[in-house]
Amino acid sequence: MLDQIHVRMKKILFFVRIMKKELEYTKEQLESFINHHMDAVIITDLEGQILRVNEAYEKVYGWKSHEVIGKKYYDIAGAFSKDVHENIKKTVAEKEAINRVEVVRARKDGSLVDLRITISPIFNGKDELVGLSGVCVDISEAKKAKQELDLLHRKLKESELKYRTLFEYANDAIYLLEIGSDHFPARFVEVNEAGCKRFGYTREELLSTPCHGIIPRDSDIVQKTVEEIRNGNLSFTLQSQFTFKSGEIKKLEYSGKLFNIENKKVLLIVSRDRTEYLKTEELLQKSEKLAAVGQLATAIAHEIRNPLTAIKGFMQLLTEKASKEELTYMNIISSEIERIEMITDEFMSVAKPQAVTFQSIDLQLLIQQVILLLQPQATMKNIFIELNSYGEMPFVYCESNQMKQVFINILKNAIEAMPSGGEIKVELRKKDNNHIHIQIIDEGVGISKERIKHLGEPFYSIKEDGIGLGLMICFNIIQQHKGTLSIESEVNKGTSVEICLPLD
């Protein structure tokens, strides 16, 4: 019996020794885990008295282990003691861990550190709560990085808002197009408000319609763009003309930039309407021509007037001694000299503004006088000139000689445009209470659309022997009278000249 007890005791002692070794090994592992843990570790009792800290704790807080062991943790926390005390009480009361709470703590030197803490309860073998462990992760750098990232995101959003505002409210039309494998624009990726208005579609319609449904593939604007892309040009600026769905024709200047987004080739287009600019440029060119005409007219008038004065003087002397037969020839010569003077005056009117006298005149009577003057020339070409007046015509405030010159030039052009005869209609009507409307319609050979836009330019004429000053003078006179002159024509069907004059 004693032997059995002795054997059993040996076995118990053997197991005790094994358990001690295991406990020592576990303790060593726990010590090693605490000491070498990269985050700050702190062990306290249930009252918050510090029992153990590791090296990471010393680095994070600046306290040495011997300076804090035995002290209450919330005493070390200083200004944050209330927060610490509450966390300890909560863990003790609930016997559950407080996980990953972000807090601010003070170091020994008073500086602050951002931490993420986890407080866990420690139980003994009888499942009794005997202490607390805390793991503190320094998140200062991570939080700083997050703040910087948040700042960057905020700046990006602000930048995006600025560019979106510039994009949406730009006066120029802006389009972002996806380019297909065939180098043709496939679809609209984005478009601003100006671009929608120009095409006459909503943004949703443009983004949901293939490009060829909006801009035909054979249009000049597409062909030029595709050629640039095929040639490998990443940036280009082009000019083109495009007819929009409203029927309006605009001359456009657009810049393209080709780049990749998410492995897709896209083209950024910034398009500007240059129609009015080009019209202004044409007007400037006309102005330069007019300036040249003015200088030329002044020089010619100056050179011609002096010898004309001498010729007229000698003609008067010769007339006094001329026979009856010679006098006939003298009168013809004098008449031609007067006609040369009239032509010279025309050149002078181009060169500089003349002093004119405006007065209220009967425009209908003035036109009748012009028709009477030109009727013999019209009759010779089998042309009938008809004057129609619709309603009572008020007097017009104008310079009678200049207006007579306008109607002579226009009616002469109409007569010369009708070699096979026909009818010229002159119609007068009161457009409104402030304007009178005159329309001169012939049945002549007409003028092509390409030529109409150049009418009124100096030295441009559709007649073989013309010099292009007649209509130019007409445009200038009507402009001086604050009126408008427009010409519409169709080849082999005739021409219509419309003049609108203010009554005052």
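## Burial and overall make-up

Of the 504 residues in this protein, 35% are buried. Keep in mind as you look around that this is a predicted model. The chain folds into 16 helices and 17 strands. About 32,200 Å² of the protein is exposed, and 54% of that comes from carbon and sulfur atoms.

How much of the contact network links residues 24 or more positions apart? Taking contacts with a separation of 6 or more, such pairs account for 52%.

## Two nonpolar cores

Let's go inside. The largest nonpolar core has 42 residues. The residues with the most contacts inside this core are Leu363, Phe407, Ile424, Val426, Ile438, Ile499 and Leu501. A second core, separate from that one, has 26 residues, including Ala173, Phe184, Phe242 and Phe244. As a general point, nonpolar side chains tend to be buried together in soluble globular proteins.

Leu501 is a handy place to start exploring the largest core, being one of its residues with the most contacts. Setting aside neighbours within four places in sequence, Leu501 is in contact with Leu363, Val396, Met403, Asn434, His435, Ile436, Ile438, Ile478, His481 and Gly483. Two names on that contact list, Leu363 and Ile438, also appear among the core residues with the most contacts.

## The strands around β14

Now find strand β14, which covers residues 422-432. β14 pairs with strand β12 (residues 383-390) in the parallel sense, over eight bridges. To see where β14 lines up with its partner, look for Asn388, which stands opposite Glu427 in β14.

β14 also pairs with strand β15 (residues 435-441), and here the two run antiparallel with seven bridges between them. A hairpin of two residues takes the chain from β14 to β15. Within this pairing, Val426 stands opposite Ile440 in β15. Val426 is also one of the residues with the most contacts inside the largest nonpolar core.

## Gln439, a buried polar residue

Stay on strand β15, where you'll find Gln439. Is Gln439 buried or exposed? Its relative accessible area is 14%, so Gln439 counts as buried.

What does the side chain of Gln439 meet there? One polar contact goes to the side chain of Ser496, at 2.9 Å. Another goes from the Gln439 side chain to the side chain of Glu498, at 3.2 Å. Not counting residues up to four places away in sequence, Gln439 touches Lys425, Val426, Glu427, Arg429, Ser496, Val497 and Glu498.

## The strands around β10

Another set of paired strands involves β10, residues 264-273. Strand β6 (residues 173-179) runs antiparallel to β10, and six bridges join them. Leu177 stands opposite Leu267 in β10.

Strand β9 (residues 249-261) is antiparallel to β10 as well, this time with ten bridges. Here Leu252 stands opposite Asp273 in β10. β9 and β10 form a hairpin with two residues between the strands, and in this hairpin Glu262 takes a positive phi near 50 degrees.

## Salt bridges

How many salt bridges are there? The count comes to twelve, and three examples are worth a look. Start with Lys146 and Asp150, whose side chains meet with 3.2 Å from N to O. Both sit in helix α6 (residues 140-169), and because they are four residues apart, about one helical turn separates them. Asp150 is partly exposed, at 33% relative accessibility.

Next comes the salt bridge between Glu178 and Arg187, where the closest N and O atoms are 2.7 Å apart. Glu178 is buried, with a relative accessible area of 16%, whereas Arg187 is partly exposed at 36%.

The third example joins the side chains of Glu190 and Arg203, at 2.9 Å from N to O. Glu190 belongs to strand β7 (residues 185-191) and Arg203 to helix α8 (residues 203-208), so this salt bridge ties together parts that are 13 residues apart in sequence. Glu190 is buried, its relative accessible area being 13%, while Arg203 is partly exposed at 32%.

Notes. Residues are numbered from 1 along each chain as its sequence is written. This is a predicted model: local features need pLDDT of at least 70, side-chain atom pairs count only at pLDDT 80 or more; totals for chains, interfaces and linings use all residues. Side-chain values use heavy atoms; hydrogens and water are left out. Buried means under 20% relative accessible area, exposed over 50%, partly exposed in between (1.4 Å probe, protein chains only). Contact means heavy atoms within 4.5 Å. Accessible areas come from the Shrake-Rupley method with a 1.4 Å probe; for residues, only the protein chains shown count as cover. A salt bridge is a side-chain nitrogen of Lys or Arg within 4 Å of a carboxyl oxygen of Asp or Glu. Two strands pair if DSSP finds at least two bridges between them. A nonpolar core is a set of buried Ala, Val, Leu, Ile, Met, Phe, Trp, Tyr and Cys residues joined through side-chain atoms within 4.5 Å. A polar contact is a pair of N or O atoms within 3.5 Å; within protein, one must be able to donate a hydrogen and the other to accept it, and residues adjacent in sequence count only if both atoms are side-chain atoms.
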